[in-house]
Structure formats: structure tokens, C-alpha cells
Amino acid sequence: MTDLVRAGAAVTVAGGESLLEVRGVSKAFGPTEALVDVDFDVRAGEIHALVGQNGSGKSTLVKILAGVYDPDGGSIAAEGSEFDPRRPGEARLRGLRFVHQDLGLVDSLDVVENLALGRGYDVRFPRRISWRHERHRTRAALAELGYDLDVRSLVGSLRASERSGIAIARALDGWESAARLLVLDEPTASLPEAEVARLFDVIRTIRARGVGVIYVSHHLDEVLDLADRVTILRDGARVGTFAADDLDHDRMVELIVGRGSVIAGGEAETPGAPAEYEPSLVVEDLSGTVLRGVSLQVGAGEVVGVAGLTGSGREELGPALFGAAGRSGSVSVRGNPVPAGRPDLAVAAGLGFVPADRKSLGLVASMVVRENVTLADLRPYLRGGILRHRKERSDVDAWLGMLDVRPRNQTLGTMRLSGGNQQKVLLARWLRIQPRVLVLDEPTQGVDVGAKAEIHRRITDAARDGAGVLVCSTDSAELVRVCDRVLVMQRGGIGAELLGRDISEERIDRLCLS
Amino acid sequence: MDRLSGIYIWGLIILIFALWVPETFLTTTTLRVLASDQAVTGMVAVGLVVPLACGVFDLSIGHVLGFTLVAATWMNVNTGINMAVVTLMMVAIGVAVGLANALLVVKIGVNSFIATLAMSSILQAFILFVSNNRQIAGEFSDEFKSFGRNVVLGLPQPFFYLLGLTLIIWFVLEYTRSGRYAYATGGNPAAARLAGVRTDRFVTVSLIVSAAVAAFAGVVLAAKLGSASLTAGPPKLIPAYTAVFLGSTQIKRGRINAWGTLVAVYLLATGVKGLQLSGTEVWVDDLFNGVTLALAVGIAVYRRRGDSPGGLAP
């Protein structure tokens, strides 16, 4: 059976010997099926792209190969023999190397030291490091990829593409065995466009050496430009594996999004009647790291969604608005300007912000639930400058009840709550102060289904009470459910706008990819 | 019950020494000496609670105290300036030092550990400059002496300064908006900032408070001693940190707090005093302090592992 499949696949695209074969792998997290019976294979000297939307299962597959997750079923073979990534050191021994999205470099060390991380140094007697030898070795490893840089410079001071190159050079550097298969997870996510071409040259050089490359990305143009074969995943299942030459952009979008599609360009033809809102939030010419001249308005009582791929500026918009990230341009709430770099004034102007990373930017771990709920405004509990704990307690109890936080215990350490309940605590913090504009970044990330429905209900209620709400999310279904209007971010700007009945998951996903 | 364990241990220590050396331990003299000796260390420690609650270290407090001790004594011996004015001047020096620390930490972004360490060395230079590297002694005015040596209700006056200070700092941290913001700043500065807390301001004020309190403690010590030793200040640093961290396992568990610190100061001092009266070797004192701190915080951290609210260290 396996032989048949292998033979069949070999017919589709000419290529080298098979390096990796994944057969029928599945993985479920609780009730969520992340991967269902997926087949995947890579051959020597080919670039095999793995594409799909957020949640399609591509990162789960990569994590199974890296030994992070244990698959529920299926088999994996490397160069013809069984391969168990969970066994420590096995992946490395079999020549599998990973470059993760964050690269895993240490900025405060120089290039030589970064390359030696994990591999170690060749030492001379008596355990002395010969720096001259190490520098030479590092230069040679980088030269093979076409880089010529000062190996004594600190990695933190280098350009983004150089950093990617170093991470790749480190992955390829022969330790116990030579690299056979390189896995690149979203290598261009944090790369300026001009430096992408440089990285592609490097990847092609690697292919020429006979190494197999798994290239994970959701930038379709890159994939078409670079890959030999493309495997598309949707909702955890494999849609198919195709020769890149047989695909074009539209066909790929079709396969990624599914749902047998009608619209060609993805432009909304019949905009729903725009409702009349009094503007609550007015943003003009907002720019930041990725953001370029973004202008938008959110009306009182309106829920506006912001969609976009990672790197499109979606994840930067919330923090930039609130003044948590550096920015230029103007932001005002009901005519009151919100200056950059002063979240306290943003709060005073009536802006609330639920950040995407609730653990490091939202909640104070050392404080109990009650203190986290009331942190944004303690004035209601002050009398003569003194905090009235009793009043605070009864108020918080009411909020916990209203949002159905379980357990309804305000003296509990906040981190002992489940993700969904933590998110409700954060939501309660802002709903309690009745902001004029509420900005939510990934409001239901890592949240269970029940809590998700409750949070959506609260977002709708807040808008009905007159707040303007901006929801930045990678979950298209969520945007469809709660938004009156959806903005789609593309390359740092607003690429498209969907209104009323035109908002659908399919349209959002298409526009994100175009 | 756990949160009062320090008080039980304190009781146990008193009981042990009461049985071991009853003739010297259970006397009003011992009580008075304890209360008085620890008042200065106690004030420094309780002042230190504020920056540690805000998540920054202040290592300069020992030298601030050392400097105002020398400077206040010098002014008393060499000038006729009124005692209240001298006290105000010294506290002003403390405020200035705190501001300088805050400038480095908040405006420039130097790690508080390094900034206040540098400040310590600078202050050491000032101590040597003012004193000309000699112990300062001379006649003190009665007014000045009484400031450190008066006895009220059978207890030395400095003990009441400590009590008052503890009360104020406890109240501010527990019952005002600023206190809540201070703890939020110490717990997660990024999240506090995004909730609208002006974290920079709290760090600044906290460094001013600890330095001003240490400066005041220096004046009290000068009045108590009646002369200025050049080496009396800096050794107060370690006992102060010991007391704050040990105190964070008490009263409000897992949170640096004023009453817990006060209990810790006296728990440690009682143990040390008992050992001294029992005629043990001199090195036993330091051993007792170190072992108690390591054990108390170690047990607290171990029992709370992976649990919250957590984080004993700022």
C-alpha cells in the first residue's frame, strides 16, 4: 500500500528520493480536531509549501514533526524507516532541522556565538575555545548561503534578512549528522518586502544542495514563486498536494477557503445600506512599524472588525491606537485627541483596550481577581481618598455574576482561572468603566466555546449601550458574528471594507489573501 | 493561619529564651533595648517596602542613612542650627537622592539595581568627605539627644516613629488608589501601564520615599548614638532586605507589606538578642538571620509553587 502511494506520488512531480513520509496523521485537542488523517511527503531537493488559513492545521503538523505534540494516530517515516519525533534528539539525528518564526536568536550575542548555540564549540587543550577557528567556521557556513558579514557583530544589530540567514545557517550546520530536511515556519512574517528576495535566494541555494525544504506560509505569491509542490490544508484535513506549476493565485485561494466560491475578484458588489453613526473614534493617517497611513472611523454603537494576515498590520493597530506602541498620526475619541505613548490619557479620553496577550499585557498575575477587575478605575470606591473595600467587593461580585465568571470568587489569584474566565475578567475591567470606544485584540483567543459566546454577547451589548467597538481578530467567523462592518488589512493599510450582508467568512478570507 | 506563622514563631522564640535564660531575657531592659535598637533598621526596612512593592530595588538606603548620620552629627557639633531644621534638611537630601535615583531608573532606563548601587558608592564618597574620614563626636544639644533617646510609655521614642511610619505606609498601600497602583506596577508594569497606570510616576515616588525615610532614620540614629560612626549606615542594608522578604510571607502572604516587615524585624531581632544573652558565639547572629530568611521564603515559595498570587521577589 505504502509502496503504491509512493510510486503514485513520484509520477506527479519528478524529484529526488523521499526524505519524509507522513501517513494518516491525526491530532485532536479536546473536542477540536486539529489534524484529520493527513498525508504529506517531502523529497530531496524540493521546496514543498504547506499552506492554509489560521487554524487549518499547518502549525500543528510542524509541531508534530518537531516533537512538540504526540500524534493521536498515523505513521511518520524518514528515508524509509520509522521515525518518532518524540524521542529526544531523534529529529536532529535524522537530519530534520527547524527554523521557527521567532528564529530563536540571542540578540546580545554575536554571530559566532549564536551559531554555536546548541552545537557547542570545538575546543583545544585545555578546553580552550579557539575564536579564530570558530570565526572561520562561521564565515564558511554563512558564505555557503551567500552571506558575507562581520561575524563579530551582535545579532541584535543586524538586518532582518541577515538574522533569518543566521538562523538558517545554524539549522543547517552539521552537528551529529548533515541536514537533510529544513522546516521554515513563516520565515517572511517579520521581513520587509525588499529583503524577501534575498531570503529566497538562500532557500534556493539550499535546495540546490539536495536538501528538502518544508515552507510554511500564507503568502500565496511567495509560495507560487518559490515552491515545487504545494500541500493545502483546510480545517485540519488535506485538500490536496499539487505541483506549483499547476496552480495560480485564484485557484489557490479557492482551495484554501473552500466553499465552492462564486465571486471572482472578491470585491463586494452590493454594499448593504451603511447605517448612520455619530463618530466615536476617528483615526487619521496612523503609521507605525508596518502600518502606513491608516485612517478609519468607528461610530457610537457600531462594531467594526479588523481582519488581516499576520504581518498585515492587524496586530499592530490596537496597541498603536491606544498609545501602547510607537506611532504617528492622530487618534481622537469624541473629539478628544489621544496622544501617542500615554495609555493613561487614552483611558481618560474614554478608550478601553483588551490586548491580545492577556498574560503579559493584560492581567497582573500577582493580584487577585477583584484587583484586576477594578484596576482601570478606582474612583467609584474612593471616599475622601480612602478605598472602600466593601463597595469594591460588592461591585466586582456583580460583574463576575453578570459575565458568568467561574468560580465566582474574587479573592482567587487571577492566573488560577481558565483562559476564558481570565478573558472575562479583563473584559469586565473595561466594560465596568463604560468606555466610549472599546478596542479588542483577539478577544476570544484560547477561550472555550461557552465563554466565547458570552464575550460576543457582551461586545454586542456594549455597542447597543452606545460604545464604539473595534474588534481585531484572525477568527473570521467571529467577525461575521459580531461586526456591522469589517476592514481588511493588507500590507499595512486598509485594503478593503465589507458592510452588513456582504460580510461573510469566505469574503474576509479571500480579501486577506489578495 | 499560614499568614501569621511569623507571629507564632516569634512567640516560640520568646518562649525558648524565656526558659533558657529567664533572668536576663524576660526583663524590661531587654524589651527596651530591643525596641530601641531595631527602630532604625525597622524604619529603613519599612521605607524599603515601597520601592519593592513597585518592583524596583533601592540599594542606596544604607548609604543614605550613613550620610545623614554623619551630616546631622557634623551640623550639630559645628553649627548652631535648630534641630528641626537639621532634620528637614536631611530629609530634603534624602528626597534629592531619591530623585536622582529615579532620574537614572525612569528617565534614562538604567536598571534600578545598578543605578542605586552607583548611588551608594557616590554617597560613600560624600560620607568620607564630610567626616574627613574621622569619627565625629562632640557636645549635642539636649533637644537633639531627646529626639533619639526620650522614653514614652516605657518605650524609646524612635520605636513610635517606626510604628507611625508602618501605619502610614500600610494605610497608603492598602487603602488608597496609589497603593493599588503601586502593587500593580510591581506585579506587571506593562499590564499596569495599559490599564492607565502611570507606572513611571509610581517608581519615581517610591524611590523618593525609601531614600527620605532612610535619611530620617539617619538623623534618629545620630541622636541616639550621640556621635557619628562612619560605618554604621551601610550594614543596615542586608537586615532591611531580609526583613522585607521575610515579611512578605506574613500578614498579606506573597505580597510585600509594611506590617509583615515590622513583624519580621522584631522576630529576627528577638532571636538574635536571645542568642546573645545565652552567651553564644558572635557569628551565630548572622547565621540566624540568614537561615531564617532562606527557610521562611523557601518554604513559602515551595508551598505556592505554580500557584498564585505569587512572586516574592520584585
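**Exercise 1.** Determine which strands of chain A helix H15 lies across, and at what angle H15 runs to E18(A).

*Solution.* In this predicted model, helix H15 (residues 419-432) of chain A lies across E18 and E21 of chain A, where helices (H or I, at least four residues) and strands (E, at least two) are DSSP runs numbered from the N terminus. The helix H15 runs at about 175 degrees to E18(A), the angle being taken from 0 to 180 degrees between N-to-C directions of axes that are lines fitted to C-alpha atoms, for helices over the stretch in contact; contact means heavy atoms within 4.5 Å. Local features need pLDDT of at least 70, side-chain atom pairs count only at pLDDT 80 or more, and totals for chains, interfaces and linings use all residues. Residues are numbered from 1 along each chain as its sequence is written, chains are lettered from A and ligands numbered from 1 in the order in which they are written, and side-chain values use heavy atoms, with hydrogens and water left out.

**Exercise 2.** Work out the strand order of the open sheet of chain A that contains E18 and E24, and find the bridge partner of A:Gly352 in E21(A).

*Solution.* The six strands follow the order E18-E21-E22-E15-E23-E24 with mixed pairing, two strands being paired if DSSP finds at least two bridges between them. Strand E18 (351-354) and strand E24 (493-499) are the edges, each pairing on one side only, and the twist averages 20 degrees from one strand to the next. E18(A) pairs with strand E21 (residues 437-441) of chain A in the parallel sense over four bridges, and in E21(A) the partner of A:Gly352 is A:Leu438.

**Exercise 3.** Describe how H5(B) and H6(B) pack, and classify their angle.

*Solution.* Helix H5 (residues 83-108) and helix H6 (residues 112-131) of chain B pack at an angle of about 140 degrees, with their axes 9 Å apart. That angle makes H5(B) oblique to H6(B), because angles under 35 degrees count as roughly parallel, over 145 as roughly antiparallel, 65 to 115 as roughly perpendicular and the rest as oblique. Residues making the contact include B:Val97 and B:Leu104 of H5(B) and B:Met119 and B:Leu123 of H6(B).

**Exercise 4.** State how many residues each chain brings to the contact of chain B with chain A, and how much area is buried.

*Solution.* Chain B contributes 25 residues and chain A 38 residues. The two chains bury about 2,500 Å² between them, 56% of it on carbon and sulfur atoms; buried area is the accessible area (1.4 Å probe) that two parts lose on being put together, summed over both. B:Arg177, B:Arg180 and B:Leu194 supply 28% of the area that chain B buries against chain A, more than any other three residues.
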